[in-house]
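Dear colleague,

I am handing over the structure we spoke about, and below it you will find what came out of going through its helix packing and its ligand site. Please read the notes with the structure open beside them.

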Amino acid sequence: MSGWLTQGPKVAAFEKAFAERHQVKHALAVTSCTTGLHLALAGLGIGPGDEVIVPAFTWVATANVVLYCNATPVFVDVDPKTYNLDIAQIASKVTEKTKAVIAVHLFGRCVDIDALRAALPARVKIVEDAACAAGSDWKGRPAGSLGDVGVFSFHPRKSVTTGEGGMVTTNDPALAEVMDQMRNHGASISEEQRHRGPRPYLLPDFNLLGYNYRMTDLQGAVGLVQLSKLDKFIDERARWADFYHDALRDIPWLRTPNSDNSCRHGWQAYVTYVDAKTAPRPRNDIMQYLMDAGIATRPGTHAVHMLGYYRDRFNLKPEDFPGAQDCNDNTMAIPLHNRMTEEDYHYVVQALKAVA
Ligand SMILES: *Cc1c(COP(=O)(O)O)cnc(C)c1O
């Protein structure tokens, strides 16, 4: 035992391994992807009067963190084929106030980062919401290394988990330094540095508004072991994703997720699309039917502009972002995870084929 309970040597080892795996210079462990995204925006100096572009179809936290900074989230619609930002619509949303875009690699499929960068003025920062994208890549470049700063989640729904937890990645040393202090109450040096330094009895300086977003060393130890299995997990999921692609091909009303050759898909979730025009029943009835057969499904995620808080605060209508509305109403994640047996996968396929 190291004797450390909160951020200490296990967290440091986890950060080092995570940075190496994702080919970045700096990785900072935090308490969740949500706090990591907040830290990233705060570290970039985003505040009142600033605008941050976010996709309308994503987990609510992607937009919430913009509000934590008292900045304005500007929604952009998604492409229902990729479930990611529709890059063709980005340029029309950029104003002088735009400080950043949060590029979500939804379900582990990377945003076309080259097209996104090309659509933005150089001054606009790209924050990757890589919550679902540990181990994913775009043209061989890992998620988390594609933008100015990347943020991962280790929630149990993601590919690798520490119970709760997150990781912030960047190649920018100045940004890493600011975020390192901000995650630890704004302290100029960490407890570990202080305890190992020459005068451990002196408290550090606090020159920034900080937070307590430190990961515990217990979680760091779990994260290290989980990370060592990441590529095995993804390869196995990719194998079963291929199985689903083939096995579900002749169900005319069900579209399987699009995987681009430029992207190594992390398969955090296998999200299908139920074509309302040809499906024998509405999506929710299909989900009920599958639940009765013992198969758990979920909508892919939600359209944030249709959630009560956003709808009321910003006076939004479902049809404002038709792609997000469509994904909200018609996506269906079917089971894909590392504890499923071959029989389980065949059973899911059979049940889907039997929907009438
Ligand atoms: C899960 C998720 C989050 C939130 O992650 P937490 O670690 O639970 O805070 C944010 N964005 C996306 C796209 C997610 O899927």
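For what follows, two residues are said to be in contact when heavy atoms of theirs lie within 4.5 Å. Please also bear in mind throughout that this is a predicted model.

With that cut-off, Leu39, Ala40, Ala42 and Gly43 of helix α2 meet Leu175, Val178, Met179 and Met182 of helix α5. Sorted by character, the residues of this contact comprise 7 nonpolar and 1 polar, with no charged residue among them. Two packed helices are described by the angle between their axes and the distance between the axes. For α2 and α5, which spans residues 173-182, the angle is about 125 degrees and the axes are 9 Å apart, so α2 is oblique to α5. The crossing of these two helices is right-handed.

Helix α2, residues 33-43, also packs against helix α3, residues 61-68, where the axes come within 9 Å and cross at roughly 45 degrees; α2 is therefore oblique to α3. This crossing, of α2 and α3, is right-handed. On the α2 side the contact is made by Thr34, Leu37, His38 and Leu41, and on the α3 side by Ala61, Thr62, Val65, Val66 and Tyr68. Those residues divide into 6 nonpolar and 3 polar, and again none is charged.

Thr34 of α2 turns up once more at the ligand, which has 14 residues around it, of which Cys33, Thr34, Asp129, Ser153 and Lys158 come nearest. In the side chain of Thr34, an N or O atom is 2.5 Å from an oxygen atom of the ligand. The side chain of Lys158 likewise places an N or O atom 2.6 Å from a ligand oxygen, whereas for Asp129 the ligand partner is a nitrogen atom, at 2.8 Å from an N or O atom of the side chain.

The remaining pair to mention is helix α1, residues 9-21, with helix α7, residues 217-228, whose axes come within 7 Å and cross at roughly 30 degrees. Because angles under 35 degrees count as roughly parallel, α1 is described as roughly parallel to α7. In this pair, α1 passes α7 in a left-handed crossing. The contact involves Pro9, Lys10, Val11, Ala13, Phe14, Ala17, Phe18 and Arg21 from α1, together with Asp217, Gly220, Ala221, Gly223, Leu224 and Leu227 from α7. Here the residues divide into 9 nonpolar, 2 polar and 3 charged.

With best regards

Conventions. Residues are numbered from 1 along each chain as its sequence is written. This is a predicted model: local features need pLDDT of at least 70, side-chain atom pairs count only at pLDDT 80 or more; totals for chains, interfaces and linings use all residues. Side-chain values use heavy atoms; hydrogens and water are left out. Axes are lines fitted to C-alpha atoms, for helices over the stretch in contact, and angles run from 0 to 180 degrees between N-to-C directions. Helices (H or I, at least four residues) and strands (E, at least two) are DSSP runs, numbered from the N terminus. Angles under 35 degrees count as roughly parallel, over 145 as roughly antiparallel, 65 to 115 as roughly perpendicular and the rest as oblique. A crossing is left-handed if the near helix is turned anticlockwise from the far one by less than a right angle, and right-handed if clockwise. Ala, Val, Leu, Ile, Met, Phe, Trp, Tyr, Cys and Pro count as nonpolar, Asp, Glu, Lys and Arg as charged, and the others, Gly among them, as polar. A residue is near a molecule or strand if one of its heavy atoms lies within 4 Å of it. A polar contact is a pair of N or O atoms within 3.5 Å; within protein, one must be able to donate a hydrogen and the other to accept it, and residues adjacent in sequence count only if both atoms are side-chain atoms.
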